[in-house]
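This report describes how helices pack within and between two chains, and then turns to annotated spans and to unusual backbone angles. Please read it beside the sequence and the structure.

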Amino acid sequence: MKLDPQIKNWVLFPLVYVIFLVGILKNYILKLFETDPKKETKVKEIKKYAQKEQKKLNENYQKRTNNFTEQKNNAQTNKQETIREMQAIQRSTRLRLNGNLISKESYEMRKYYLTEPQKGILSNRSAQKAVNPLFDPTSLMPGLKSNLSNILPQFILMTWVNFFFEGFIVVKFPFPLSDNLKKMFQYGINLKYLNASYVSSLSWYFLVFFGLRGVVDMISVWLDKKTVYSYFAPIAKIRKMPTSTPMMPPPVSLSGVRDPTNFLIAEKENLQLYSHKFSVADSELEILGLKTAILDEKEKKKDK
Amino acid sequence: MLNQQINSEKPGLVLENLKKNQKNLTTFRLILSCLIGSIIGCLKITGVLGFLIFLLSNILVYLFVGFKIKFKFENYFVSQIQMIFESLITSLFAFLLFWTLIYDYIYVY
């Protein structure tokens with residue numbers, strides 16, 4: 001059975017073309033949303049802030065040398081405290097990541113220094129101040145945006161295909177399909193004795209959509225190498241526990257002030273849950289090639 | 001410093017490099033499956049044989065990469081299973097798309 005070449009020109013190729021272009025357009029639109037004006041100015045703000053801090057510190061130093069009794073500015077001490085806490089969190093993360101390379105003793109010492117319930121740096125702040133991040137509306141926005149940008153174009157395209165090309169036999173799959181699937185793949189075509197591998201426009205749309213997804217992503221990464229592996233997310237999911245904490249900015253509470261208390265508590269729990277195992281305990285023996293020999297001797301003793 | 005953190009489970013491995021390996025493997029798989037789909041479509045191969053060829057191509061990818069890194073998958077990817085299933089579904093759909101497209105363009109219309 002041959003199909004009409006007009007269908008090829010007006011349905012088959014346009015669908016591929018449109019879905020490909022929409023995929024790339026979606027990428028660009030997402031990027032538009034991502035480049036928040038806040039983000040660009042953030043670097044400048046940080047630089048300004050750093051300069052201000054430097055000036056303040058210098059002034060303070062002079063003041064202090066002149067007059068030891070002068071009191072510190074309250075706000076500034078607050079900022080300093082926040083910075084100190086952030087540093088403590090980073091320190092704890094580093095300990096969790098690389099802790100296996102130091103001996104048990106030194107690890108425990110550091111852990112005690114960080115997590116001791118009364119004196120430890122991580123437990124300095126009271127837990128009462130913690131705000132539940134679920135109630136924080138700003139944390140929900142990025143997920144909402146990406147969801148919307150995924151669903152909306154798909155919805156529009158599906159309506160378009162359904163409206164214009166309903167009842168078209170567009171494609172014959174080069175592999176056999178069972179007749180039970182006819183209702184799904186030949187939606188809108190009511191022909192009893194048509195081979196199941198002839199397929200309607202909607203199924204062709206879905207095949208193109210899923211087939212081009214990888215290609216579009218590859219090309220969009222190639223087009224702009226600054227979008228770092230948006231599609232290659234699974235590795236990030238696996239490694240989320242150890243790496244995500246230092247990368248993320250501290251949660252912003254409703255009042256707009258950065259509040260690392262949640263992070264402090266979470267980091268403390270993480271560190272307490274982490275099981276330390278000294279990974280280079282037998283390194284000397286291993287270098288000398290004695291490790292296996294000693295183990296063998298031990299086994300022999302056990303056998304006796 | 002943050003970009004070059006050492007994994008707790010595998011000391012000495014950098015996360016960025018793992019990601020790069022994964023990305024390159026994905027690109028390789030995608031391009032290969034598109035090409036193989038087109039070739040199979042041109043050759044008028046239908047049915048289960050096409051899927052078998054796709055499977056064969058993926059086994060070849062596994063072997064090529066394996067020979068290149070001397071089958072020490074733990075040193076270059078998260079795990080061997082992760083390397084095998086990395087972007088397999090995506091490349092399968094790309095393969096199906098190109099197979100169907102070329103086959104229909106030449107033999108059905």
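Helix axes are taken here as lines fitted to C-alpha atoms, for helices over the stretch in contact, and the angles between N-to-C directions run from 0 to 180 degrees. Helices (H or I, at least four residues) and strands (E, at least two) are DSSP runs, numbered from the N terminus. The model is a predicted one, in which local features need pLDDT of at least 70 and side-chain atom pairs count only at pLDDT 80 or more, while totals for chains, interfaces and linings use all residues. Residues are numbered from 1 along each chain as its sequence is written, and chains are lettered from A and ligands numbered from 1 in the order in which they are written.

**Helix packing**

Within chain B, helix α1 (residues 15–42) packs against α4(B) at an angle of about 25°, the axes being 7 Å apart. The pair α1(B) and α4(B) is therefore roughly parallel, a class for angles under 35 degrees, with over 145 counting as roughly antiparallel, 65 to 115 as roughly perpendicular and the rest as oblique. The crossing of α1(B) with α4(B) is right-handed, a term used when the near helix is turned clockwise from the far one by less than a right angle, whereas an anticlockwise turn makes it left-handed. Residues of α1(B) in this contact include B:Arg29, B:Ser33, B:Gly37 and B:Cys42, and those of α4(B) include B:Thr90, B:Phe95, B:Trp99 and B:Ile106, where contact requires C-beta atoms, placed from the backbone, within 7 Å. The contact of α1(B) with α4(B) comprises 13 nonpolar, six polar and one charged residues; Ala, Val, Leu, Ile, Met, Phe, Trp, Tyr, Cys and Pro count as nonpolar, Asp, Glu, Lys and Arg as charged, and the others, Gly among them, as polar.

Helix α4(B) also meets chain A, where its axis and that of α7 (residues 201–223) come within 7 Å and cross at roughly 120°. The helices α7(A) and α4(B) are therefore oblique to each other, and their crossing is left-handed. Among the residues that make this contact are A:Leu207, A:Phe210, A:Gly211 and A:Arg213 of α7(A), together with B:Thr90, B:Phe93 and B:Leu97 of α4(B). By class, the contact of α7(A) with α4(B) holds nine nonpolar, five polar and one charged residues.

**Annotated spans**

An unreviewed UniProt entry lists residues 12–30, 155–175 and 195–216 of chain A as "transmembrane region", and for chain B an unreviewed entry gives residues 28–46 and 83–106 under that name. UniProt positions follow the numbering used here, with feature names shortened, and such annotations may be inferred rather than shown by experiment.

| Span | Helix | Strand | Distance between end C-alpha atoms |
|---|---|---|---|
| Chain A, residues 12–30 | 100% | 0% | 28 Å |
| Chain A, residues 155–175 | 48% | 19% | 28 Å |
| Chain B, residues 28–46 | 79% | 0% | 24 Å |
| Chain B, residues 83–106 | 92% | 0% | 35 Å |

**Backbone angles in chain B**

Most residues other than glycine have a negative phi. B:Lys70, in the loop between α2 (48–68) and α3 (80–85) of chain B, has a positive phi near 55°. B:Ser87, in the loop between α3 and α4 (88–108) of chain B, likewise has a positive phi of about 55°. B:Lys70 counts as exposed because it has 9 C-beta neighbours inside 10 Å, while B:Ser87 is buried, with 23 other C-beta atoms within 10 Å. A residue is buried if 20 or more other C-beta atoms lie within 10 Å of its own, exposed if 12 or fewer, and partly exposed in between, with C-beta atoms placed from the backbone.

Key
Contact = placed C-beta atoms within 7 Å.
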